[in-house]
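Here are my notes on this one, as numbered points. Have the model open while you read, and go through them in whatever order suits you.

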Amino acid sequence: MPDEAAAEARLRDALADADRALAGAQPALRHLLATDRDELLSDRTIAQVGAMLHDLARQLADDDGNREALAAALAEALGGHAALLAHVHALALEAQVADRLAERLSLDPVIPPLLEALMASPEPDAANQLVAAQARFGQAQRRGELPLGELPGDLLHAALIVMRACASSDQPQVRADHDPSRNRLELLGRAVTTDAFDLEHAGVALFASALALGAGLDRDSAVLSLTESQAPRLVLALTACGLGRAAIERNFLALHPDAALPEAWVGLSPDRAAALLGEF
């Protein structure tokens with residue numbers, strides 16, 4: 001019968017999809033089991049990245065009548081945008097590194113010593129704004145959220161382009177409401193001083209911004225260099241910043257107390273270190 005034939009064809013298609021899912025599951029599982037899963041690909045990292053992508057999607061789909069279906073499609077599309085995915089990944093890692101150092105070194109992720117000193121200065125406004133932004137970031141990370149306004153301008157634009165492709169709308173109000181002056185990353189960039197190159201004094205967020213500025217990296221790459229598997233990149237970045245050996249060792253061991261410093265960096269000039277970083 002035609003109806004039965006059509007139903008059987010749909011069932012065959014569904015079974016074929018199920019077979020493809022099974023075929024892809026085992027190689028992925030083998031890869032994850034074989035990978036040295038430090039913070040880069042920990043269960044927490046993967047869950048946090050997924051939660052933030054879905055939160056961005058929910059915000060973009062907020063005024064759409066078919067919100068749930070659109071949010072699901074948007075989350076998948078946002079995850080397919082390489083730069084957006086890299087940024088969300090870096091934010092998840094930044095929060096994890098900050099939590100780890102808060103536990104091991106009692107380094108406050110919101111008010112590290114440098115910001116505490118700036119808050120006590122005669123002109124504390126910028127420090128107070130940054131502390132408030134850091135507190136919002138910590139709360140958002142605990143909830144698996146990422147406010148659209150915290151995206152860098154180019155990535156907000158990218159997210160709106162994805163929205164337009166999925167729903168023929170780019171949420172012009174989101175663009176109109178974007179206020180770079182309250183953006184945490186902008187505030188961090190403006191707060192970088194030479195004191196920020198001391199991790200235990202500046203805290204993870206400000207140190208990452210200083211590392212990016214000093215080594216000529218984008219900030220997401222600087223954050224990734226703080227993880228254990230990226231230790232060689234961290235040493236090169238610290239060298240490219242022009243730090244002396246004692247400062248490099250102090251910052252490295254604050255992050256990786258049980259790891260040995262790569263010896264190849266000894267004697268490298270900042271320019272040579274920056275050139276090597278630029279090759280990878």
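1. Start with helix 13, where the buried residues are Ala231, Leu234, Val235, Leu236, Ala237, Leu238, Thr239 and Ala240. That is eight of the ten residues in the 231-240 run, so this helix counts as mostly covered, given that buried means under 20% relative accessible area. Do keep in mind throughout that this is a predicted model.

2. What sits over helix 13? The cover on its buried residues includes helix 11, helix 14 (245-255) and helix 15 (270-278). Just past the end, have a look at Gly242, which follows helix 13 and has a positive phi, near 85°.

3. Stepping back to the whole chain: the secondary structure is 15 helices and zero strands. There are 280 residues, and 41% of them count as buried. Among contacts with a separation of 6 or more, 63% join residues 24 or more positions apart. The accessible surface is about 14800 Å², with carbon and sulfur atoms holding 56% of it.

4. Helix 7 is worth a quick look for its geometry. It covers residues 153-167, 15 in number, and spans 21 Å from first C-alpha to last, close to the 21 Å expected at 1.5 Å a residue. Its buried residues are Leu155, Leu156, Ala158, Ala159, Leu160, Val162 and Met163.

5. Now the largest pocket, which has about 320 Å³ of space. Of the 21 residues that line it, those nearest the centre are Arg136, Pro147, Leu148, Gly149 and Glu150. By class, the lining breaks down into nine nonpolar, five polar and seven charged residues.

6. Which helix gives the most to that pocket lining? Helix 6 does, with five residues. Helix 4 (82-105), helix 6 (125-143), helix 8 (172-177) and helix 9 (184-191) each put in at least two.

7. While you are on helix 6, find Gln141, which belongs to it. Is Gln141 buried or exposed? Gln141 is buried: its relative accessible area is 8%, and the cut-off for buried is under 20%. Leaving aside residues up to four places away in sequence, Gln141 touches Gln48, Met52, Leu91, Ala92 and Ala95.

8. On to enclosed space. How many cavities of 30 Å³ or more does the structure hold? There are two. The largest has about 50 Å³ of space, and the second largest has a volume of about 30 Å³.

9. The largest cavity is lined by Asp108, Pro109, Val110, Pro112, Leu115, Gln134, Leu188, Ala202, Gly203, Val204, Ala205 and Leu206. Helix 11 (residues 204-215) supplies the largest share of that lining, three residues. Sorted by class, the lining has nine nonpolar, two polar and one charged residues. Recall that helix 11 is also among the elements covering the buried residues of helix 13.

10. Lining the second largest cavity are Ala98, Leu107, Asp108, Pro109, Gly203 and Val204. Its class count is four nonpolar, one polar and one charged residues. Compare the two lists as you go: Asp108, Pro109, Gly203 and Val204 appear in the linings of both cavities.

Definitions and conventions: Residues numbered from 1 in each chain as written. Predicted model: local features only at pLDDT ≥ 70, side-chain atom pairs only at ≥ 80, totals over all residues. Heavy atoms only, no water. 1 Å grid on protein atoms, 1.4 Å probe; cavity = no way out; pocket = protein on both sides within 12 Å on 5 of 7 lines; lining within 4 Å. Points joined across faces, edges and corners; volume = space filled by probe spheres on them. Helix = DSSP H or I, 4+ residues; strand = E, 2+ residues; numbered from the N terminus. Nonpolar A, V, L, I, M, F, W, Y, C, P; charged D, E, K, R; others polar. Buried < 20%, exposed > 50% of the residue type's maximum accessible area, 1.4 Å probe, protein only. Contact = heavy atoms within 4.5 Å. Areas by Shrake-Rupley, 256 points an atom, 1.4 Å probe, with all protein chains shown as cover. Expected span 1.5 Å × (residues − 1).
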